[in-house]
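Biologist: I'm new to reading models like this one, and I'd love a close look at a single part rather than a tour of everything. Could you walk me through it slowly?

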Amino acid sequence: MNITRRHLLILLPAAALAWESVLAGTPEDAPNYQMTEHWWSMLIDIPKCIGCGNCVRACQAENDVPDGYFRTWVERYRVTDWNLTNPEVISPDGGKEGFPVAAEDQGKYFFVPKLCNQCADSPCTQVCPVGATFISPDGVVLVDQKYCLGCAYCVQACPYGCRYIHPQKKVADKCTLCYHRITKGLTTACCEACPTGARQLADLKNPKDPIHEFLKSHNVQVLKPEMATGAKVFYNDLDGSVR
Amino acid sequence: MRIFRDTGHLFRLALVFAMGTACFLGVRSFLVPHSFGEYGHYRGSAISEIASHPLHFAGQQSCETCHSDVVEKKNAGKHAQVNCEACHGPLEKHVEDPASFDPGKPDTAVLCARCHAASAARPKGFPQVDIASHSGGVACETCHQPHNPAVSAGGTK
């Protein structure tokens with residue numbers, strides 16, 4: 001084939017366009033999910049939590065969380081009337097296998113499930129030097145594990161202690177709010193496994209979500225509101241001693 | 001009148017500058033991932049990568065598709081709000097191929113106690129029993145079938 005200068009000039013832009021489409025890759029597999037139509041959060045109803053540890057086990061199974069590390073865990077508080085601001089807190093193995101039996105008349109007991117608070121203005125995303133952790137357009141704080149260096153700045157920055165360095169991958173790891181599930185219309189593994197409905201996934205951008213009515217009619221709090229992280233995990237009936 | 005003398009210097013400087021800029025842009029386009037900056041200061045394709053992680057829990061809808069009889073029985077009792085996989089564990093493998101992955105029956109001695117073993121730490125209204133004195137070693141399902149735990153609904157024996 002004899003390519004003249006004229007042919008070459010016509011072919012070059014076409015080749016450039018083809019190369020652009022190769023770089024762009026294939027379109028996303030889930031075309032029905034629109035990131036801009038959601039703003040994910042979670043509601044935790046403290047009076048409903050029975051401390052069974054189902055959420056912790058479900059999270060470890062769903063996300064292959066290594067033993068001794070937790071994306072979610074449950075704490076048991078014991079608050080005594082003579083020392084209201086210094087509660088005794090236990091979380092044996094993250095509450096995975098439940099808690100030791102508590103005796104009567106030893107104070108006020110309650111369970112507090114914890115997980116990443118999916119902060120809208122998160123300190124962890126602000127300190128990342130390489131842009132490996134970020135809040136997605138639908139409000140979930142995620143880690144790009146291919147890009148993460150494992151410097152652990154974010155682990156130090158999280159005021160809630162929700163991040164860890166994965167012992168094998170050597171990169172930051174944390175709760176993804178089961179991003180691979182919620183984008184397919186499922187609920188998170190912890191909410192799926194919770195027997196009492198103490199944990200509920202909520203979409204703040206969905207006007208029909210029951211979260212809006214709940215927030216209006218209950219005493220709802222976030223953890224460490226004084227840090228202005230824009231936390232989106234809401235706790236119903238949270239005791240003042242919880243930090 | 002000539003304002004500048006020896007303008008060749010300026011042209012050479014501009015040329016070096018242009019080459020440096022082109023070199024920088026070339027290396028940058030090679031090193032920075034294509035989707036970086038698509039939504040913000042991060043790799044946009046990381047979002048779809050995380051969204052494609054494999055499932056382990058199939059979700060209540062999947063269970064109801066085939067086991068509507070059990071779900072109906074469960075919804076008639078006190079365990080109506082408890083999802084199947086809360087007790088039976090993650091069963092996406094079973095949904096993908098029901099024949100090859102049999103979940104088996106959970107051990108009620110462990111399972112029931114997790115929620116219903118008496119403890120002052122649990123909410124007061126939640127049904128709980130002192131396991132040892134309540135059954136005297138008899139298995140829970142003898143009197144309570146887990147799908148509808150009321151004694152009136154009958155146990156296995």
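What follows is my request and one long answer.
I've picked helix α2 (residues 54-63) of chain A. Which elements do the buried residues of α2(A) pack against, and which of its residues are buried?

Modeller: Sure! One warning up front: this is a predicted model, so local features need pLDDT of at least 70 and side-chain atom pairs count only at pLDDT 80 or more, while totals for chains, interfaces and linings use all residues. Residues are numbered from 1 along each chain as its sequence is written, chains are lettered from A, and ligands are numbered from 1, in the order in which they are written.

Let's begin with the sheet beside your helix. (Helices, H or I with at least four residues, and strands, E with at least two, are DSSP runs numbered from the N terminus.) Three strands of chain A make an open sheet in the order β3-β2-β4, and the pairing is antiparallel; strands pair if DSSP finds at least two bridges between them. At the edges are β3 (83-90) and β4 of chain A, each pairing on one side only. On average, neighbouring strands here are turned by 30° against each other, direction ignored. Between β2 (residues 72-80) and β3 of chain A there are four bridges, and R78(A) sits opposite E88(A) in β3(A).

Now your helix. α2(A) packs on this sheet and touches β2 and β4 of chain A, with its direction at about 160° to that of β2(A). (Touching, or contact, is C-beta atoms, placed from the backbone, within 7 Å; axes are lines fitted to C-alpha atoms, for helices over the stretch in contact, and angles run from 0 to 180 degrees between N-to-C directions.)

How covered is it? Nine of the 10 residues of α2(A) are buried. Buried means 20 or more other C-beta atoms within 10 Å of a residue's own, exposed means 12 or fewer, and partly exposed is in between, with C-beta atoms placed from the backbone. The buried ones are N54(A), C55(A), V56(A), R57(A), A58(A), C59(A), Q60(A), E62(A) and N63(A). Their packing partners are β2, β4, α6 and β9 (199-203) of chain A, along with α5 of chain B.

Zoom in on C55(A). The largest nonpolar core has 70 residues, and C55(A), L142(A) and C190(A) touch the most other members. Such a core is a set of buried Ala, Val, Leu, Ile, Met, Phe, Trp, Tyr and Cys residues joined through C-beta atoms within 7 Å. Strand β4 (residues 108-115) of chain A gives this core the most, five residues. Leaving out residues up to four places away in sequence, C190(A) touches C55(A), A58(A), C59(A), T72(A) and R199(A).

One of those partner strands, β9(A), belongs to another open sheet, with the order β9-β1-β11-β10 and mixed pairing. Since β9 and β10 (220-221) of chain A are at the edges with a single partner strand each, one side of each has no neighbour in the sheet. Five bridges pair β9(A) with β1 (residues 40-45) of chain A in the antiparallel sense, and L43(A) has Q200(A) in β9(A) as its bridge partner.

What happens where your helix ends? Just after α2(A), D64(A) takes a positive phi of about 50°. Most residues other than glycine have a negative phi. There are further cases around the sheet: D93(A), which is not a glycine, has a positive phi of about 55° and is placed in the loop between β3 and β4 of chain A. D93(A) counts as partly exposed because 13 C-beta neighbours lie inside 10 Å. Q118(A), again not a glycine, has a positive phi of about 50° and lies in the loop between β4 and α3 (123-127) of chain A. Q118(A) counts as buried because it has 26 C-beta neighbours inside 10 Å.

Finally, the chain B side, since α5 of chain B came up among the packing partners. The contact between the chains takes 40 residues from chain A and 31 residues from chain B. On the side of chain B that touches chain A, two or more residues each come from α2 (45-51), α5 (84-88) and α7 (108-116) of chain B. Here α2(B) gives the most, with five residues, so don't mix up that helix with your α2(A)!

Note on methods. Two residues are in contact if their C-beta atoms, placed from the backbone, lie within 7 Å.
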